[in-house]
Amino acid sequence: MNGTIQAPTIEYALLSPMLIVFGAAIIGVLIEAFAPRYLRKSIHMPLTLLALLGAFATTILGAANGLPTSASAMGAVAVDGPALFVWGIILILAFVSVLLINDDEQFVAQAAAVPGSSDEEEAVRSGYAQTEVYPLLLFAVGGMLLFSSANDLLAMFVGLEVMSLPLYLLCGLARRRRLLSQEASVKYFLLGAFSSAFFLYGMALVYGYTGTVSLRGIGDALGAGSGQETLLLIGTAMLGVGLLFKIGAAPFQAWKPDVYQGAPTAVTALMASTVLVAAFGAVLRVFWVALGGLEWNWQPVMWGIAILTMVVGAILAITQTDIKRMLAYSSVAHAGFLLTGVIATGAAAQNAKALSAILFYLAAYGFTTVGAFAVVTMVRDAGGEAGHLSRWAGLGKRSPFLAGVFAFFLLAFAGIPLTSGFFGKYAVFAAAVSGGAVPLVVVGVVSSAIAAFFYVRVIVLMFFNDPAADGPSIAVPTVGTSAVVALAAAATVVLGVFPQPVLDLADQAASALFIR
Amino acid sequence: MEPLLILHAVAAVCAPALVRRFGRDAFLVLALPPACGFAYTLWAVVTGTPVASHHDWAPALGLGLSFRADALSLLMMTLVTGIGALVLLYCSRYFSAGEEGLGRFGGALVAFAGAMLGLVAADDLLLLYVFWELTTLFSYLLIGQDPASRAGRRAALQALTVTTFGGLAMLAGFVMLGEAAGTYRISQLVAHPPAGGTVPAALALVMTGALSKSAIFPFSMWLPAAMAAPTPVSAYLHAAAMVKAGVYLLARLSPAFGEAVPWRVAAVSLGLLTMVLGGWRALRENDLKRLLAYGTVSQLGFLTVLFDTATRGAALAGAAMLGAHALFKASLFLVVGIVDHAAGTRDLRELSGLRRSAPWLCAVATAAAASMAGLPPFFGFSAKEAAFESLLGGGLGRSATLAGVVLGSALTAAYSLRFLTGAFGSPPGREPTPLAPYGAATFLPPALLAVLGLAAAPFASWYGRAMDPYTATFAVPGHDAHLALWSGAPVPLLLSAAALAAGALLFAAGDRGARAGRLLRTIDSGRVYWALVRGTNRFAGQLTGVVQRGSLPDYLMIAFATLAGIAAFALLHGPVTTAGPVVVLWKRAEQPVVGVLLAATAVLAPFARSHIVLALLVGLTGYGTALLFLAHGSPDLAMTQLLVETLSLVAFVLVLRRLPIVPEEEQRPRVPPAVRAALGLVTGLVAAGAGVLAVNARSETPIGTLLAGPAERSGATNIVSALLVDIRAWDTLGETTVLVVLTLGVTSLVFLRRRTYALERPPAGHRRPPGRTYWLTATLPPGERAAVLEVVARMIFHTLLLVSVFLLFTGHGSVGGGFAGGIVAGLSLVVRYLAGGRYELAVAAPTGAGVLMGLGLLLSVATAALGMAFGGAPLRAFSADLAVPLVGKVHLSTVLLFDLGIYLTVLGMVQDILRSLGAELDRQIEEEAR
C-alpha cells in the first residue's frame with residue numbers, strides 16, 4: 001500500500017437517521033439468525049418502529065440545529081432542507097406502513113415453498129412466518145434515505161439498489177394469490193434491473209463527459225463545455241430513463257399496476273408512498289442540481305413525458321376493474337402532476353416555489369395513499385382481499401364508516417377542497433403557471449377531470465349500488481390497521497384544512513434549495 | 001360571515017341526530033341557519049353596513065378567508081338564504097315521516113346552503129373555488145338521494161363528472177388569473193384586471209367552469225338528468241341557487257373582462273343557443289319537472305346573454321332577471337312537488353281537473369308562470385322589458401342577440417302555457433285525478449314566492465337603484481335600460497307583445513311546433529356526453545390492451561423504443577458535435593474475426609427455439625469476449641472470463657433441464673419480427689454509439705499506464721492480481737463474502753425440505769464388490785453411461801487439480817490467481833459429476849461445501865487480521881523469498897494465503913452448486929419419476 005489515505009470525515013450526527021435505520025436492519029438480520037422463531041416477530045416489531053421513530057427524531061434534531069451549508073460525508077450525501085423534509089416524510093410513512101405490515105394475513109408463511117405444494121401446507125400448518133420482512137423493509141427505507149439525499153451519482157446508485165432489492169423480494173411475499181405475487185416480483189426485478197442498467201450506463205456517459213460523478217461537479221462541468229455534447233445528452237437520457245422508471249412515469253409505467261396488484265397490500269402501500277417520495281427527491285437532485293444547466297435540452301422531453309404520464313395514468317385507470325390496479329394508475333397520474341412541478345424551473349424564487357409545492361404534494365399524497373391501501377386490506381372475502389371492484393358494490397351500506405373514509409381518500413386524490421389533495425394540486429399548478437408551463441396545467445386539469453371520473457365512479461359504486469348477496473366482509477382491523485386508517489384520514493383532513501404549518505415547513509426546507 | 005358558515009356547518013353535523021330525535025320536524029330547526037343568514041343579509045342591506053372581512057388561512061399559498069358583499073353578492077345572498085329557509089320549511093312536510101336517509105339528506109341540504117352562501121360572499125378566487133367544489137359535492141349527495149334507481153345513479157355521476165370537470169378547469173383558470181394579477185382577491189382583480197399573456201386562456205378555462213355549472217350548452221345535459229333528485233332539491237339547487245353560481249361568476253368577472261371580445265362573443269352565442277334549445281325542448285317534455293328543468297336551462301342561457309353583453313343596461317336587466325327567475329322557478333318547482341305527492345304523478349298526460357280540486361295551488365302556479373312568461377304586472381315582465389331595452393341599438397350582432405332573446409321569450413311564454421294547461425287543465429275525456437290533501441307548510445313557501453313575484457314589481461325602480469353600485473362597475477353604458485313596473489318605452493313593449501303572441505301561437509300549434517324542435521336533437525349534448533364517456537371507455541380499453549398486456553418483452557420494447565427515441569431526439573436537438581468521433585476499426589486481425597462471430601451469435605439468438613440453445617449462444621458471446629480480451633493483450637481477464645463462462649453454462653444447463661425444452665407456443669407476436677429486429681438494431685446502435693462517443697471523450701491519460709510502476713515496486717508482476725489481492729483487497733474480501741452468502745441463498749432454496757448439509761454417499765453395497773474401492777462410482781443405469789466421458793474424466797481430473805494449484809501459485813507473478821484456480825478445481829468436480837452422477841460428488845470431494853467455503857473465508861479474514869496484528873493495517877501483506885532446494889527461489893507472501901482463501905471459497909461454491917442444482921435436482925427428478 002502506498003502512502004497513507006486521509007480518513008474521511010463523516011458527519012455522524014447529521015447522517016444518524018440513515019445510520020440508525022441501517023443499524024437496526026443489521027440487528028434485524030442477526031435476530032433472524034439467532035432468535036428463536038416464536039420470539040422473532042415480537043422483537044422485530046418494536047425494534048423496527050423504534051428505529052424509524054429514532055431516525056425521525058434525529059431528522060428533526062438535525063433540522064433544528066440549522067441546515068448545513070455544504071454536503072456531508074466528503075460530498076457524497078447532501079443533508080439539506082429538501083433532504084430533511086423528504087426524510088421526514090419517508091420515515092413517517094414507513095412507520096405507518098410498518099403498522100400495516102404487522103398483520104399475519106398479509107405475508108406468506110414460507111416464501112420458498114412452491115405455491116400449492118405440500119411444502120406450503122406444511123409451512124402454514126406449523127405457523128411459520130416470514131419475519132425477514134422487517135429487516136428487508138428497514139434496508140429499503142435506508143436505501144430510500146440515501147437515494148433521496150445522495151450528492152453524487154455513485155452514492156445515488158447505491159441508494160437506488162439498496163432501496164430496490166429488498167422491495168423486489170417483499171413484492172413476492174403475498175400470502176394469497178402467490179403466483180401473481182411472484183410474477184409481480186420477477187417483473188419488478190427484471191424491469192428494475194434494466195432501469196438500473198440504464199442509470200449506470202447513463203452515469204458512465206455523463207462521467208465520460210464531465211469527468212466526475214459528483215452532482216455539483218457535473219453542474220460545474222456543464223458550463224465549461226467540451227465539444228462532446230451528444231455524449232452528455234445520451235447520458236442524460238439514460239439517467240432519466242432509470243429515474244423515471246422508479247417514479248413510474250409513462251412510458252415506463254407498465255410495471256406499476258402489475259406490481260402494485262401482486263405485492264402484499266402493505267408492501268404496495270409502502271411502495272406507493274415512500275418510493276415515490278424518495279424517487280422524486282433523486283429526480284430533483286439530478287435534474288436540478290447536476291443537469292440544471294442543461295435545462296433547455298431536457299425540458300422539452302420532460303414536457304412530453306409529463307403530459308404522457310398524466311394522460312396515460314388517467315385514461316388507463318378508467319378500464320381497471322381491480323381496486324389496486326386502479327390506485328396504481330392513479331399513482332401514475334399523480335407522478336405526472338408532480339413532474340409538472342419538476343419542469344417549472346426558473347429563477348431561485350421560482351425554484352423554491354416549485355420545490356416547496358412538490359414537497360407538500362408528496363407529503364399529502366403519501367398519507368392518503370397509505371390510508372387508501374390500508375382500507376383495501378380490510379375488505380376481504382374467502383380468497384383474501386376482495387380486489388375486484390364489483391365486490392365493492394354497496395360497501396357504503398354494509399360498512400358506511402369504512403366506505404366513507406375510502407370515499408374521502410378518493411376525493412383527496414381527485415383534489416377536492418378541504419382535503420390535502422386540493423392544496424397539493426393547487427400548489428403544483430400555481431408553481432407550474434408561474435414557471436410558464438401553462439399547457440401542462442391545462443393537460444393536468446383535463447386528466448384530473450378524467451381521474452375524478454373514475455374516483456367518483458367508485459364512490460357511486462360503494463354508496464349507490466346494492467350490495468351483492470355474498471359480498472365481501474370487512475375484516476375486524478388490527479389495532480395497527482385502524483391506527484393507519486385513522487392517521488391517514490387525520491393527515492388528509494388536517495393538511496386540507498390547516499395546511500399552513502406544513503406549507504411553512506416545506507417553504508423553509510425549500511428556501512435554500514439544494515446545497516451543492 | 002364566518003359565524004354564519006359555522007352555524008350552517010354545526011346544523012349540518014347535527015342533522016342526523018336531530019332527525020332521529022324529532023323526525024321530519026327537524027327540518028324546522030334546520031331552517032334556522034339560512035333564516036339567520038337571511039336576517040343578516042336584510043340587516044346589511046337596510047343599514048348599508050359593508051360586509052367585509054379577511055382572515056388568513058394558508059398565506060403561503062395566498063389563500064385567505066376573504067368575504068365581501070357588494071350589491072350583487074347581497075342579491076345572491078338574499079336569494080340563497082331566503083329560498084333556502086323556505087325550502088327547508090317545505091321539506092318538513094314534503095317527506096313522509098319515516099323516510100330512509102332523511103338525516104343525511106337534511107345535513108347535506110343545510111351544508112349545501114352554507115357552501116352556497118360562502119360562494120356568493122367570497123372575495124377570494126380560491127375560496128370561491130373551495131365553496132364551488134363543496135356545492136358540487138353536496139349537490140351530488142342530494143341528487144343521489146334515491147340510490148335504488150339506476151337513473152338516479154347515472155344522473156348523479158353525470159352531474160358530478162361534468163361539474164367537476166368544469167370546476168377543475170376553473171381552478172386552472174383561477175390560478176393563471178391570480179398569477180397574472182399577483183392577487184387572488186376578486187375585488188382587486190376586478191378593479192385592476194390583468195391582460196395579455198395567459199389571461200385569454202385563463203378566461204376560457206374559467207368560462208368553461210362557469211358554463212358547466214350553469215348548464216349552458218354544451219354542458220346543459222346534466223341539469224334535466226339531475227331531476228332524479230327530490231323536488232325540494234330541484235327547487236333549490238337547480239332553480240334558485242347552485243345553477244346560478246356559474247351565472248354569478250360570469251356576472252362577477254364580466255365588468256373586468258367583458259372587454260375581451262372572444263370571451264364575450266363566445267358566452268353570448270352559447271347563451272343564446274342554450275336559451276332557444278332549452279325552450280324548444282321544454283315544449284316536448286311531458287314530465288312537469290323536466291319541462292321546468294329545460295325551462296331553467298333556457299333561462300340560464302338568457303342570463304348568460306345579459307351578463308356577458310357587458311353593458312350597464314344589460315347588467316341591470318340581468319340582475320333583475322336573476323331575482324325574478326329565482327322567485328318564479330322555485331315556486332313552480334315546489335308546486336310540482338305538491339302535485340306529485342298529492343296526485344301521485346307529475347306526467348301532464350295523466351293529470352286532469354286540478355284547477356277545480358286545488359284552486360289555490362292553481363292560482364299560485366298561474367302567478368308564477370305569468371311572471372315566467374313575462375306578463376305585466378309581474379316582476380318577470382319588468383325584467384324582460386329592461387332586457388329588451390338594453391339590447392336595442394348597437395350593431396348587427398346586438399340585433400341578432402335581441403332577435404334570439406325575443407324568440408327565446410316566445411318559447412318561454414309557450415312552455416309556460418303548456419305547463420299551466422298541462423298541470424291544471426281538464427282535457428276532455430279524462431277523469432279528474434284524485435288529489436290527496438297537502439299541508440300548509442308545503443303550500444306556504446311556493447305561495448310566498450309567487451306573491452313576491454307580484455309584490456316586487458312596484459318596487460322595480462328601487463331594485464334598479466339598489467343595483468347601481470354593481471352596474472356602475474361596467475365601463476360600457478350601452479343602451480339605457482330602466483327597471484320599472486311600466487316603463488312605457490314603446491319598442492320593448494312591442495317586442496314583449498310580439499313574444500307573448502308568438503308564444504301563444506307556438507302553444508296553439510301544439511305538437512307541430514314541438515316536432516320542429518325535434519330536428520334540433522342532433523345537437524343534444526347529453527348524447528355527446530354519453531358518446532364521449534363510451535368513447536373514452538373504449539379508447540381506454542384498447543389502450544390498455546396495447547400497452548398493458550402484462551408481457552415483459554412488450555414492456556421492455558416500449559422502454560427501449562423510448563430510449564432510442566430520446567437518444568435520437570438528443571442527437572437531433574442537441575448541438576452539432578464539432579469533431580466527429582475517431583473510429584479505429586481494428587488493430588489486429590483477430591479482432592474483426594471475433595467481432596463477426598459475436599455479431600453472428602446475436603443474429604442467431606432470435607431464431608433459437610429452445611432455451612438451451614439460447615443459453616449456448618449467450619455463452620458463445622462470452623467466449624467471444626474472452627477472445628477479444630486476449631487479442632487486446634489481457635490474458636488474465638480472458639482466462640477468468642472463459643472459466644466463468646464455462647461454469648455459468650454448466651449452471652444454466654443444470655437448471656434448464658427442469659424446464660420445458662421449447663417454450664410453450666405463444667400467440668403470434670403482436671409486433672412483427674421485422675419491427676422487433678429494427679428496434680433491437682437501433683437500441684444496439686445507440687448503446688454502441690454511446691460507447692464510441694465515450695471512448696472518444698477521453699481527455700486524460702488512461703490510469704492503467706500508471707499502474708505498472710507501483711505494481712512492480714510491490715513485487716507483483718501481474719497488475720490484475722496486485723489490484724485484486726493488494727490494492728483493493730478490501731473489495732475482494734467483501735466480494736468473497738457476498739459470494740458465500742449468495743451460494744448459501746441459492747442452495748437453501750433448492751434444499752427446502754431437507755435441511756441437511758451432508759453429501760449424499762452412495763448407498764452401502766451399491767454395485768461395489770466388497771473390499772474394492774473405485775474413484776469413479778458410476779451410479780448411472782448402464783444405458784445412460786457414457787463410456788468416453790468416464791474415461792476422459794478419469795484421465796483429466798488430477799491434472800486439472802494440479803493446474804488449479806499451479807494457477808493459485810503463479811497468480812502473483814503471472815496469469816492465474818486464487819479465483820481462476822478455484823474455478824478450475826471446481827470444473828474438475830463438474831467433470832466428475834457429469835461422468836459419474838450424483839453420488840460421485842461425495843467421493844470426489846469428501847469435504848462438505850460449507851467447510852470449504854467457511855475455511856476459505858476464514859483464511860481470507862485471518863490474513864487481514866494478520867496484517868493488523870503485525871503491521872497495523874488490515875490486509876497488510878508480508879512476503880519473503882525462500883530458497884527451496886530443487887525448486888529454486890519461491891516467493892512466499894501472505895497474499896498467497898489470501899488467495900488460497902479465495903480458491904477454497906470458489907471451490908466450495910462450485911461444489912455447492914453441483915450439490916444443489918445437480919445432485920439434489922437429480923434426486924427430485926428420480927423421486928417424481930417413481
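In the predicted model, helix 2 (residues 37-64) and helix 5 (residues 133-149) of chain A pack with their axes 10 Å apart, at an angle of about 15°. Helix 2 of chain A is therefore roughly parallel to helix 5 of chain A, since angles under 35 degrees count as roughly parallel. The crossing of these two helices is left-handed. Helix 2 of chain A contributes A:Lys41, A:His44, A:Met45, A:Thr48 and A:Leu52 to the contact, and helix 5 of chain A contributes A:Tyr134, A:Pro135, A:Leu137, A:Leu138 and A:Val141. By class, the residues of this contact divide into seven nonpolar, two polar and one charged. The spacing of such residues can be read against the geometry of a helix. An α-helix has 3.6 residues a turn, so residues three or four places apart point the same way.

Helix 2 of chain A also contains A:Leu53. This residue is partly exposed, because its relative accessible area is 42% and the partly exposed class lies between 20% and 50%. The C-alpha atoms of A:Leu53 and A:Gly341 are separated by 30 Å, and the two residues lie 288 residues apart along the chain.

A:Lys41 of the helix 2 contact can also be located relative to a loop residue, A:Ala109. The C-alpha atoms of A:Ala109 and A:Lys41 are 13 Å apart in space, with their positions 68 residues apart in sequence. A:Ala109 is found in the loop between helix 3 and helix 4 (118-125) of chain A. With a relative accessibility of 6%, A:Ala109 counts as buried, because buried means under 20%. Apart from its neighbours within four places in sequence, A:Ala109 is in contact with A:Ala123, A:Val124, A:Tyr128, A:Ala129, A:Gln130 and A:Arg175.

A second helix pair in chain A is formed by helix 13 (residues 323-343) and helix 14, which pack at an angle of about 175° with their axes 10 Å apart. This angle makes helix 13 of chain A roughly antiparallel to helix 14 of chain A, because angles over 145 degrees are placed in that class. On the side of helix 13 of chain A, the residues that meet helix 14 are A:Ile323, A:Lys324, A:Leu327, A:Ser330, A:Ser331, A:His334, A:Phe337, A:Leu338, A:Gly341 and A:Val342. Their partners in helix 14 of chain A are A:Ala354, A:Ile358, A:Tyr361, A:Leu362, A:Tyr365, A:Ala372, A:Phe373 and A:Val376. The contact holds 13 nonpolar, four polar and one charged residues.

Helix 14 of chain A is also among the elements that pack against the buried residues of helix 20 of chain A. Helix 20 (residues 500-511) of chain A has twelve residues, so at 1.5 Å a residue it should span 16 Å, and its end C-alpha atoms are indeed 16 Å apart. Its buried residues are A:Gln500, A:Leu503, A:Ala506, A:Ala509 and A:Ala510. These residues pack against helix 3 (81-101) and helix 14 (348-378) of chain A, together with strand 1 (51-58) of chain B. Just after helix 20 of chain A, A:Leu513 takes a positive phi of about 55°.

In chain B, helix 13 (residues 261-282) and helix 19 (residues 396-424) pack at an angle of about 25°, and their axes are 8 Å apart. The two helices are therefore roughly parallel to each other, and their crossing is left-handed. From helix 13 of chain B, the contact involves B:Val268, B:Leu272, B:Met275, B:Val276, B:Gly279, B:Trp280 and B:Ala282. From helix 19 of chain B, it involves B:Ala400, B:Thr401, B:Gly404, B:Val405, B:Leu407, B:Gly408, B:Ser409, B:Leu411, B:Tyr415 and B:Arg418. These residues divide into eleven nonpolar, five polar and one charged.

Helix 28 (residues 611-631) of chain B has 21 residues, which means an expected span of 30 Å at 1.5 Å a residue; the distance of 30 Å between its end C-alpha atoms agrees. The buried residues of helix 28 of chain B are B:Ala615, B:Leu617, B:Gly619, B:Gly622, B:Gly624, B:Ala626 and B:Ala631. Their cover includes helix 27 (590-604) and helix 29 (635-656) of chain B. Helix 28 of chain B is followed by B:Gly633, which has a positive phi near 90°.

Finally, B:Val46 is found in helix 3 (residues 32-47) of chain B. B:Val46 is exposed, because its relative accessible area of 71% is over 50%. B:Val46 and B:Leu18 are 28 residues apart in sequence, and their C-alpha atoms are 34 Å apart in space.

Key
Residues are numbered from 1 along each chain as its sequence is written. Chains are lettered from A and ligands numbered from 1 in the order in which they are written. This is a predicted model: local features need pLDDT of at least 70, side-chain atom pairs count only at pLDDT 80 or more; totals for chains, interfaces and linings use all residues. Side-chain values use heavy atoms; hydrogens and water are left out. Axes are lines fitted to C-alpha atoms, for helices over the stretch in contact, and angles run from 0 to 180 degrees between N-to-C directions. Helices (H or I, at least four residues) and strands (E, at least two) are DSSP runs, numbered from the N terminus. Angles under 35 degrees count as roughly parallel, over 145 as roughly antiparallel, 65 to 115 as roughly perpendicular and the rest as oblique. A crossing is left-handed if the near helix is turned anticlockwise from the far one by less than a right angle, and right-handed if clockwise. Contact means heavy atoms within 4.5 Å. Ala, Val, Leu, Ile, Met, Phe, Trp, Tyr, Cys and Pro count as nonpolar, Asp, Glu, Lys and Arg as charged, and the others, Gly among them, as polar. The expected span of a helix is 1.5 Å times one less than its number of residues. Buried means under 20% relative accessible area, exposed over 50%, partly exposed in between (1.4 Å probe, protein chains only).
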